[in-house]
Amino acid sequence: MSSMKRLLLIPFMALLVLTGCSNANVIDHIRILTVLGFDKSDSGYTGSALYSDYEEKGKIKVLQGKAKQTRVILKEMAFQSAQPIRIEKLKMLAFSKEVAGEGLSAFFKTICRDPLISNYVIMAVFDESLASVSESLAGKGSQEFPYHLIEQNMKREMIPYSNLSTVLFDYYGKGRDFSMPYLQLNRKKDIEISGYGIFKDDRLKFVLNPEEMLYFKLLQGDAMRGDVPFMIKKGSNEAPAIFTVNYGKQSRTVTFNQNEILVSYSFMLSGMVNEYPEWFALDVEGNTHSLIQQLEGQIRSRLLALLNKFENEKVDPLGMGDLIRSRQRSWNEEKFYEADYGKIKYDIQFRTQLSKSGVGE
């Protein structure tokens, strides 16, 4: 290498080193909040914020503040930090069940409208206080942030999909109610998804259990993948099995017959059966046909039970009102939920493609 090239290369390498150090220093000297949660308190709300402390190898640290307004809570957190705090990289907004039970409209009008916050922020309800959840996470690695748990289960398992964008769309839209994941601390003080919160207006109405949550995602029709437990019967024998959905599609239509509204669901499910009993051989054609009938019948029964539960509880997280509004010029929201919602009839049809390559083949 010529001496001239060496002279040119030295300042270039120095610039790279200085640039890298500058970026590291910037990250080390700000608090990038990734989880922000709210509990009820005597003075209004207690806010708990989680961030990664890069000076301590990314360990989770906690900031807290108390006030009636979210902006004041963030200012209280700033007063406790020697570095500026930032919410631009926020990944999760969380609420205790007490806060969710009293209503989230105040948060929708304030922090959820902040242009710095992404529409893809995950929203969730915790069975415990966010203060206790924060204590359980403090000092752990950043991989323990609860939004990682929700994201991977939405993508790979039967956890219904939602984020700030879908929640606000359902909240402000007509003929819809919003929903979000419901989490809790288990006996080991680890966070787990224990159900799915269903809201009426801005308040938590009830929580779907894990089995109902699975069928709620099927009815949503988004990214249908995961395991569906069911029972196989043949003669006097009965045993559990699992249908693993690898791919699925769903469509729905509305038919008006005099005073009746019929909503028809059509499912196409492709997957394999796993962990089925040895006495039920899938290489027998009659068994395969019987299995598909039993599987579809049990899924249909559970889907109908969930649809009827929504009607009985007078909540509409699937947007039936919006679906029918798009096909009725004279649709009125108040009249629909008072007189028509509870009278909807449902028809559910399946087209199931079964692979015989499950465990035990």
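# Briefing: salt bridges, cores and pockets

Aspartate 127 has a relative accessible area of 24%, so it counts as partly exposed (between under 20%, which is buried, and over 50%, which is exposed; 1.4 Å probe, protein chains only). Aspartate 127 forms a salt bridge with lysine 97 (a side-chain nitrogen of Lys or Arg within 4 Å of a carboxyl oxygen of Asp or Glu). The model is predicted: local features need pLDDT of at least 70 and side-chain atom pairs pLDDT 80 or more, while totals for chains, interfaces and linings use all residues. Residues are numbered from 1 along each chain as its sequence is written, and side-chain values use heavy atoms, leaving out hydrogens and water.

**Salt bridges**

- The structure holds 14 salt bridges.
- In the pair of aspartate 127 and lysine 97, the closest N and O atoms are 3.5 Å apart. Aspartate 127 sits in the loop between strand 6 (122-126) and helix 5 (130-137), and lysine 97 in helix 3 (residues 97-102), so the pair ties together parts that are 30 residues apart in sequence. Helices (H or I, at least four residues) and strands (E, at least two) are DSSP runs, numbered from the N terminus.
- Lysine 97 has a relative accessibility of 33% and is therefore partly exposed.
- Lysine 61 and glutamate 56 meet through their side chains in a salt bridge of 3.1 Å, N to O. Lysine 61 is partly exposed, at 23% relative accessibility, and glutamate 56 is partly exposed as well, at 38%.
- A salt bridge also joins lysine 335 to aspartate 340, with 3.6 Å between the closest N and O atoms. Aspartate 340 is partly exposed, at a relative accessible area of 23%.
- Asp170, Arg176, Asp322 and Arg325 are linked in a network of salt bridges.

**Nonpolar cores**

- The largest nonpolar core (buried Ala, Val, Leu, Ile, Met, Phe, Trp, Tyr and Cys joined through side-chain atoms within 4.5 Å) has 68 residues. Those with the most contacts inside this core are Leu218, Tyr265, Phe267, Phe310 and Met320.
- Helix 9 (residues 285-313) supplies the largest share of this core, seven residues.
- Another core lies apart from it, with 35 residues, among them Ala67, Met77, Leu93 and Val121.
- Tyrosine 265 touches (heavy atoms within 4.5 Å) residues including Leu219, Arg252, Leu307, Leu318, Met320, Tyr346 and Ile348, not counting residues up to four places away in sequence.

**Pockets**

- A pocket is an open set of points on a 1 Å grid where a 1.4 Å probe fits, with protein on both sides within 12 Å along at least five of seven lines; lining residues have an atom within 4 Å of a point.
- The largest pocket has a volume (the space filled by probe spheres set on the points) of about 310 Å³.
- The largest pocket is lined by 17 residues, and the closest to its centre are Asp170, Arg176, Gln220, Asp222 and Pro317.
- Two or more lining residues each come from helix 7 (164-172), helix 8 (210-220) and strand 11 (237-257). Helix 7 gives the most, with four residues.
- The second largest pocket holds about 230 Å³ of space. Its lining has 13 residues, and the closest to its centre are Phe256, Ile261, Gln328, Lys335 and Asp340.
- Strand 12 (260-274) and helix 11 (333-340) each give two or more residues to the lining of the second largest pocket. Helix 11 has the largest share of that lining, three residues.
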